[in-house]
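Open your viewer, pick a comfortable colouring, and get ready to select a few places one after another. At each stop you will find what to select and what is there.

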Amino acid sequence: MAARYWVGGTGNWDGTAGNKWAATSGGAGGASLPVAADNVFIDNKNAPNWAASTAYTLGSIRCPLAVANGYFYEVTTAGTSAATEPVWPTVVGNTVTDGTITWTCRLATVTKTTNATCLTLNFTNFIGTWTIANSITQSVTGTGAAITLGSGMTYTQGTTGVLSTRGTNTAVTINFNGIVIPRLSTGVTAGAINHAVTINGVNPTVQHFRHDSSGTGTGSTQLLGTTLNIISSLFVSSGPGGVANSPLYGNSFNITGGGIVDVTTLGRVQSGFTVIAGTTVNMLSSLIIGGGTVTFQLGSFLIHNNNSFIFNGSFAGTILDSSVVTWYDFLANPIGSTTIIISSNLNISRNLTFGALGPSYGIVGSGGTRNINVGGDFSVLQSANINMTSTVVNLNGTGVLDAVSGGRIQNTTFNINSSGYIIGSTTRNYLGIESCTINLVGTNIASVFSNHSLFIINSCVLNTNNTALPGGGQIVWENISFSNNSTVSLTNETTFTKNLTGVSAGSATINNAKLLLGGNITTGLTGTTISGTSTIELYGSNTVNWNTAGFNSFYQNNIVINKSGGTVNLLGTINWGLAGRTLNGTNGNIIPGTSTVSIPNNISVTINNFTFWNLTIPGASTITHNVSNTIQNNLTLAATGNTIFTGSAGWTCANLLCSTAGRIITLANSSSNASYRTTTNANLLGTAASPVSMSSNNATTRSLWTLDNGANQSLTYVNGTRIDSSQGATIWSFGGVLTNTVNWGSGSAPATTAYTYVC
């Protein structure tokens, strides 16, 4: 390692050495050119010192002896110097007479014309001009590398000349001192050593800044110290390690100058930056951000040239404040569980895409709810949880709203503000929403891609029917399913043309307005429930199934069968009912198969115009019939308590079964249509101590229960009170007490206690 001092006055750094370089400041020239390990000083000692009574030839150069002033003086009239030092002029071109010599004041000019490298470059006190010629690179690199600019110097360079700190060094310091560097290149050239650049000095500014990792390097450049200003262009390369492995990070920087700044980022900017008011960012490629805070001040601008904003980083808390500009495509493609925070609204003219595979990431609002305005697609490409807390997504153009199966969008409101959106696509025909609201705004409409699935997680709201407004429409959904213990609230009547599927555990709750369902309805696995205040209406002309996928699962909504054609097949054991709920067979053909519908204990429900195979009422319940119902096989009253059949109509069953002692059966007679009929078997079994009772609900008027002639009957210890069976077979009750009955009699004891229809 050696020191080299410029004493060449005016000339090329790297031409023939001659007298340009000295080993000491102000020393005699003739030292070799600086090399990579050398410390280079270009100071105010631009030539050897003046000497008294010395002969100087034409063209000789000297600096003042007493005090170096940053100028050098050239002999323009040869001769011999005086015995005392002259008063040197400090205006370039002015002359002074010294003995028989004429000296002319000059300002140093140092020009780089070939590529070279040194360890440090120091311009302290230099007031001349330093120039890097076109296509030339001056590198300052190595352990302990530093650049110090002189506050009074002039720094120029050709259109492609570069001052570079690129190399394998671990750190370099740049002291600006108010001087603008026209072109600065940082980065690594080989190996995986990170490159730290410490910025010092007053108003550190670079016209063109380039972070360039090439060769075999995968290291990063870290900006430290004072905030750097970039006023003409920014280039960040990816290097051979790719986008993820060679970022520019550390301190944020300013993009400033009040003009147009070209930005090209093949690699990742992880430091963040601020675009100063009056400055325009001109994106010449996609802008890849990996961390920090990105701010566009009021009065700044963006020309995106159809290039994308890409978030590709691993820093949680990355902040984006860009409401004054509009991005083109916005791709959130983070590394791991990383969140983008938007501290102002986010405007995207085309698509917002979540592309990374990670457990959880997203875009969240800060300082209040923030609008995300999207003119194109909103897509989730991977099975990730997309958190969007404190945001409202406004879909304002034409595009697709979709997600890959397993992806979920959390904690936001979607406003569909145009009629150009399709929900679902050929590749992502799914939408998982968690704690979200979807609003169809005004009279806008949206369509759903064929066989689309909407997946509800936690608590969501659908406000997707505007038919109440003149010219309004609705989103006609297809399939809907639920995560465990999830709720959807329907603001207006909502249509699903295909299937409703419950949960794998817990409950699926549907509240408020009616849900029109064109397909199958199925609970989840054992112990699950479909519930809520909404009425589920099965509509359409196709054949569908009402099914239970697991044992001991329940339906608790109002259910309406209102089919214009086809059939509704009842499958398996269906547990239906909750206090105050209604089961209506308004229109259409119900095929009960060999199913069993069971009503929970101790509730009051209404069942109208329905067809069952088996209907089981296990506890004390009140069943209202305002339109007669049909039980094609067994009506089973299975537990102790009072079962009340009321309403303006009744039922017809093949077999009336009750083997529970003490059961009370109350038959209402509120109208002439309130009649009850058993066509095949009546098998009622009480005990002497605890008989089964069948009675009217009226203290004076009989209720009508008809057992068809030829039907089997086995009534043991059955009390009859105010029951009229005159329209059918005589009822024979062994051991029962008969009070005000018609066509009842005391029967004989059965020959056996094994009863065919006892259950």
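Begin with strand E9, residues 95-98; strands (E, at least two residues) and helices (H or I, at least four) are DSSP runs, numbered from the N terminus. Show the side chains: Val96 and Asp98 point to one face and are buried, while Thr95 and Thr97 point to the other face and are not. Here "buried" means under 20% relative accessible area, "exposed" means over 50%, and "partly exposed" is in between (1.4 Å probe, protein chains only). In a regular strand the side chains alternate between the two faces of the sheet.

A word on what you are looking at: this is a predicted model, in which local features need pLDDT of at least 70 and side-chain atom pairs count only at pLDDT 80 or more, while totals for chains, interfaces and linings use all residues. Residues are numbered from 1 along each chain as its sequence is written, and side-chain values use heavy atoms, with hydrogens and water left out.

**Next: the partner of E9**

Add strand E10, residues 101-107, which pairs with E9 in the antiparallel sense over 4 bridges. Two strands count as paired if DSSP finds at least two bridges between them. Look for Thr104 in E10, the bridge partner of Thr95. E9 and E10 form a hairpin with 2 residues between them, and Gly99 in the turn has a positive phi of about 60°.

**Next: an open sheet**

Now select E2, E11, E14 and E17, which make an open sheet of 4 strands in that order, with parallel pairing. Which strands are at the edges? They are strand E2 (10-12) and strand E17 (154-157), each pairing on one side only. The twist averages 10° from one strand to the next, taken between lines fitted to C-alpha atoms, with angles running from 0 to 180 degrees between N-to-C directions.

Zoom in on strand E11 (residues 109-112) and strand E14 (residues 129-132), a parallel pair joined over 4 bridges. Lys112 has Ile132 in E14 as its bridge partner.

**Next: three salt bridges**

Stay with Lys112 and add Asp14: the two form a salt bridge, with their closest N and O atoms 3.0 Å apart. The term means a side-chain nitrogen of Lys or Arg within 4 Å of a carboxyl oxygen of Asp or Glu. Because Asp14 lies in the loop between E2 and strand E3 (21-22) and Lys112 lies in strand E11, the pair ties together parts that are 98 residues apart in sequence. Asp14 is buried at a relative accessible area of 14%, and Lys112 is buried at 0%.

How many salt bridges does a search of the whole structure find? It finds 8.

Another is between Asp402 and Arg428, whose closest N and O atoms are 3.3 Å apart. Asp402 sits in strand E43 (residues 398-403) and Arg428 in the loop between strand E45 (420-423) and strand E46 (430-434), so this pair ties together parts 26 residues apart in sequence. Asp402 is buried, with a relative accessible area of 0%.

Then select Lys514 and Glu537, with 2.8 Å between the closest N and O atoms of their salt bridge. Is each one buried or partly exposed? Lys514 is partly exposed at 28%, whereas Glu537 is buried at 9%.

**Next: the nonpolar cores**

Select Trp327, Phe378, Trp546, Trp576 and Trp705, the residues with the most contacts inside the largest nonpolar core, which has 168 residues. Such a core is a set of buried Ala, Val, Leu, Ile, Met, Phe, Trp, Tyr and Cys residues joined through side-chain atoms within 4.5 Å. Around Trp327, leaving aside neighbours within four places in sequence, the contacts (heavy atoms within 4.5 Å) include Met283, Phe296, His304 and Ile348. A second, separate core of 10 residues includes Trp50, Tyr56, Tyr71 and Trp88.

**Next: one exposed and one buried residue**

Val67 is in the loop between strand E6 (61-62) and strand E7 (71-77), and at 60% relative accessibility Val67 counts as exposed. Ser695, in strand E76 (residues 692-696), counts as buried at 15% relative accessibility.

**Last stop: confidence**

Colour by pLDDT, the predictor's confidence in each residue, from 0 to 100. The chain has a mean of 91, and 95% of its residues reach 70 or more. Over residues 752-759, pLDDT stays under 50. Where pLDDT is low, the predicted coordinates should not be read in detail.
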